[in-house]
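Subject: Structure handover and notes

Dear colleague,

I am passing on the structure we spoke about, together with the notes I made while going through it. Please look it over before reading on.

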Amino acid sequence: MSFSSNLLLWLHVGFSIFALGPLTAVTSVTPRYIRAHDVNVLRYLNRSTRLFGLLTLGVFLFGMLLGGGALGRPYLSASMTLFIVAGALLMIIERDQRTAIKALSTETTEDDAKVQTGRIAALSGITALIWLVILALMVFFNP
């Protein structure tokens, strides 16, 4: 492997570790703090979701650069498609986090953000599963 390929691989793996791991952790603990009505922690988790969500674009970018001319291979096409689906789910999670913060910040006790709690829990689990499927595709089908 050339130096540039090695550098792209390091960046791709580094962004994967330092962006996807914390993003998965942040989104998966959000329902706990919605149930606890801890708005300050929810604000922090929402900012973290946005930050790590943006950093995941580095995973996608360096992965595409690393794939180069082989992007038409089925395992890479499937991985990129799953990554885009996970990105869409993360946008829904981030929106639900903001909605829960607004609901819990009001003085009324009518809306306790139960809808957002369930949806965030389900979508964060699905997103984590997508990351694992992408990992399996990269490890087992990469020649």
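Below I go from the overall fold to the salt bridges, then to two histidines and the last helix.

Please keep in mind throughout that this is a predicted model.

**Overall fold**

The chain holds four helices and zero strands, so that the pattern read along the sequence is α-α-α-α. The C-alpha trace spans about 60 × 25 × 15 Å along its principal axes. Of the 143 residues, 36% count as buried, while the accessible surface of the chain comes to about 8400 Å², with 70% of that area belonging to carbon and sulfur atoms. If one takes the contacts between residues at least 6 apart in sequence, 77% of them join residues that are at least 24 apart.

**Salt bridges**

The structure holds four salt bridges, and three of them are described here, beginning with those that involve Glu-94. The side chains of Arg-50 and Glu-94 meet in a salt bridge with an N to O distance of 3.3 Å. Since Arg-50 belongs to helix 2 and Glu-94 to helix 3 (residues 74–105), this pair ties together parts of the chain that lie 44 residues apart in sequence. With a relative accessible area of 42%, Arg-50 is partly exposed, whereas Glu-94, at 12% relative accessibility, counts as buried.

Glu-94 also forms a salt bridge with Arg-98, where the closest N and O atoms are 3.0 Å apart. These two residues are four residues apart in helix 3, which means that about one helical turn separates them. Arg-98 counts as partly exposed, its relative accessibility being 36%. Taken together, Arg-50, Glu-94 and Arg-98 are linked in a network of salt bridges.

A further salt bridge joins Asp-96 and Arg-95, with 3.1 Å between the closest N and O atoms. Asp-96 counts as buried at 1% relative accessibility, while Arg-95 is partly exposed, with a relative accessible area of 37%.

**Two histidines**

Which backbone atoms lie within reach of the side chain of His-12? A polar atom of that side chain lies 3.0 Å from the backbone oxygen of Val-59, and a polar atom of the side chain also lies 3.3 Å from the backbone nitrogen of Gly-63. His-12 itself lies in helix 1 and, because its relative accessibility of 17% falls under the 20% cut-off, it counts as buried. Once the neighbours within four places in sequence are left aside, His-12 is in contact with Val-59, Phe-62, Gly-63 and Leu-66.

His-37 sits in the loop between helix 1 (3–35) and helix 2 (39–67). At 46% relative accessibility, His-37 counts as partly exposed. You may wish to note its backbone, as His-37 has a positive phi of about 60° although it is not a glycine. Most residues other than glycine have a negative phi.

**Helix 4 and the surface patch**

Helix 4 has 27 residues and reaches 39 Å from its first C-alpha to its last, which is close to the 39 Å expected at 1.5 Å a residue. The buried residues of helix 4 include Ile-120, Leu-123, Ile-130, Trp-131, Ile-134 and Leu-137, and polar residues are found in that buried set as well, among them Gln-116, Thr-117, Ser-124 and Thr-127. The buried residues of this helix pack against helix 1 and helix 3.

A nonpolar patch on the surface is formed by Leu-129, Leu-132, Val-133, Leu-135, Val-139, Phe-140 and Phe-141, which together have about 760 Å² of accessible area. One of these residues, Val-139, has its place in helix 4 (residues 114–140), and with a relative accessible area of 52% Val-139 is exposed.

With kind regards

Conventions: Residues numbered from 1 in each chain as written. Predicted model: local features only at pLDDT ≥ 70, side-chain atom pairs only at ≥ 80, totals over all residues. Heavy atoms only, no water. Buried < 20%, exposed > 50% of the residue type's maximum accessible area, 1.4 Å probe, protein only. Polar contact = N/O pair within 3.5 Å; in protein donor to acceptor, adjacent residues only side chain to side chain. Contact = heavy atoms within 4.5 Å. Patch = residues over 30% accessible without salt bridge, like charges linked within 9 Å, V, L, I, M, F, W, Y side chains within 5 Å. Areas by Shrake-Rupley, 256 points an atom, 1.4 Å probe, with all protein chains shown as cover. Expected span 1.5 Å × (residues − 1).
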